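Please consider the structure shown here alongside its sequence. The paragraphs after it offer a guided reading.

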Amino acid sequence: MNETLALCYGTRPQIIKASVLLEELARGWDVLSVDTGQHYDYELNALQYEQLGVRPPQVYLEVGSGDHATQTGAILARAAEVLVQRRPTAVVVIGDTNSTLGCALAAVQRRIPVIHVEAGMRGADAMMAEEVNRRIVDVISTVLCAPSEVAERRLNLEHVAGTVVRTGDVARDVLVRNLSRVPRAADTADWPLAPAAPFVFATLHRAELTDNVGHFSGVVNALGRLDFPVVLAAHPRTRIALERHGLLDRLPPSVHLRRPLGYLQSLGCVRDAVTVVTDSGGVQREAYWLGTPCVTVRKETEWEETVRLGANVLVAPARAAEDLAPTVRRQAGRAGRPDGWDRDAYGTGEAAARIREAVEAWRTR
Ligand code: UD1
């Protein structure tokens, strides 16, 4: 009989990555899938399961929303109960969310080793929740799966206790696997534009942006002054912030607000847009892989290779009113050019297999 490996996830991008990890890890292990329920809306959760054919989780922790302390605490307590009952050999966590931290802590407190997928990412804002989460999880992990050379080198410089392996990024595996199924953006339900009309695809969801009314309204209004219409797929947090800041009824006419999209429709929009404007790490990489220029509305990005290779340009939220329109114009001018950038900074789509090999190597050691 195989040993058990728990795979813990809970947010939309983690469900997407779990789609390939579950399958790959199941080649050598009984995989116990645990969805924390951090994301629970249909579009953020069930829709991704449906589109990517992810089997329903064996355990659903139903933690829901809350401030960081409440949410992380609930994940920690509920994950601990499951781990005590099921005693997996190791726990696999992904990325830097409260689900990542809660499940990793629950594991090490029970002396269960942690495998961290997407290890070694760093930003400069040491107080940002995701930054805190990833640093802590890297310190307590036994196997650290780095998506890039920079991440691998950084972890070695930090002298982390666990074993560092460069595996590439699982998000690329998912993209490679599903690309042939991606529909045209214009086929998205309720598409607001003529089928051939050029557009900018935008997503904004980070608390650092949505909670700062000055920056957030600056960015939203700047979207209305671009040379192209904007399709803004709004995360629940973004819609709530638009309402709270009184922006929902005053959206610029060229900004078309839509509900969160499924993985496949979202990729279609990234691929077909003239430029993407985002604060999401996932969307930055998808644009980079699909050859669509990106503008990231943040002061920094953990995915620094996308900037270094010329695919991505940063605009600080405080500067959006002045800088967003000219930056998007420059980036849009590059769309469709044949002299694209090197697309392999995060591997070529075999990360899940490398992660399985890394776990097996650790187990046989
Ligand atoms: C989380 C991650 C972030 C990641 C993002 C991916 C943390 C600290 N942050 O941010 O790194 O980029 O997921 O999407 O874990 N909400 C709903 N329905 C849902 C989920 C959320 O309405 O299904 C609303 C709630 O009001 C909630 C807010 O969105 O308070 C924020 O959700 P939360 O899970 O706390 O963090 P995200 O912003 O999604």
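The text below turns to a helix, a ligand site, a pocket and two loop residues.

The model is a predicted one, and the description begins with helix α7. This helix spans residues 170-178, and because 7 of its 9 residues are buried, it is largely enclosed by the rest of the structure. The buried positions are Val-170, Ala-171, Arg-172, Asp-173, Val-174, Leu-175 and Asn-178. Several elements supply the surroundings of these residues. The buried residues of α7 pack against the helices α1 (12-25), α2 (46-52), α11 (263-272), α12 (281-290) and α15 (351-364), and also against the strand β5 (114-117). At the N-terminal end of α7, Asp-169 acts as a cap, with one of its side-chain oxygens 2.9 Å from the backbone nitrogen of Ala-171. Ala-171 is itself among the buried residues of the helix.

The ligand comes next. It is surrounded by 19 residues, and the closest are His-39, Asp-41, Glu-130, His-235 and Arg-237. Polar contacts to ligand oxygen atoms involve both backbone and side-chain atoms of the protein. On the backbone side, a polar atom of Tyr-40 lies 2.9 Å from an oxygen atom of the ligand, and a polar backbone atom of Asp-41 lies 2.8 Å from a ligand oxygen. Arg-237 contributes through its side chain, where an N or O atom is 2.8 Å from an oxygen atom of the ligand.

The second largest pocket may be examined in turn. Its volume is about 310 Å³. Its lining consists of 15 residues, and those nearest the centre are Asp-125, Glu-208, Arg-298, Lys-299 and Pro-317. By residue class, the lining divides into 7 charged, 6 nonpolar and 2 polar residues.

Finally, two glutamates deserve attention for their backbone geometry. Glu-62 has a phi near 50°, a positive value in a residue other than glycine. Glu-62 is placed in the loop between β3 (59-60) and α3 (68-86). Is this residue buried or exposed? With a relative accessible area of 57%, Glu-62 lies over the 50% limit and is therefore exposed. Glu-118 also is not a glycine, and its phi is positive at about 80°. Its position is the loop between β5 and α5 (129-140). The relative accessibility of Glu-118 is 11%, under the 20% limit, so this residue counts as buried. The strand β5 that precedes this loop is one of the elements against which the buried residues of α7 pack.

Terms used:
Residues are numbered from 1 along each chain as its sequence is written. This is a predicted model: local features need pLDDT of at least 70, side-chain atom pairs count only at pLDDT 80 or more; totals for chains, interfaces and linings use all residues. Side-chain values use heavy atoms; hydrogens and water are left out. Buried means under 20% relative accessible area, exposed over 50%, partly exposed in between (1.4 Å probe, protein chains only). Helices (H or I, at least four residues) and strands (E, at least two) are DSSP runs, numbered from the N terminus. Contact means heavy atoms within 4.5 Å. A polar contact is a pair of N or O atoms within 3.5 Å; within protein, one must be able to donate a hydrogen and the other to accept it, and residues adjacent in sequence count only if both atoms are side-chain atoms. On a 1 Å grid over the protein atoms alone, a cavity is a set of points where a 1.4 Å probe fits but cannot get out, and a pocket is an open set with protein on both sides within 12 Å along at least five of seven lines; lining residues have an atom within 4 Å of a point. Grid points are joined across faces, edges and corners, and a volume is the space filled by probe spheres set on the points. Ala, Val, Leu, Ile, Met, Phe, Trp, Tyr, Cys and Pro count as nonpolar, Asp, Glu, Lys and Arg as charged, and the others, Gly among them, as polar. A residue is near a molecule or strand if one of its heavy atoms lies within 4 Å of it.
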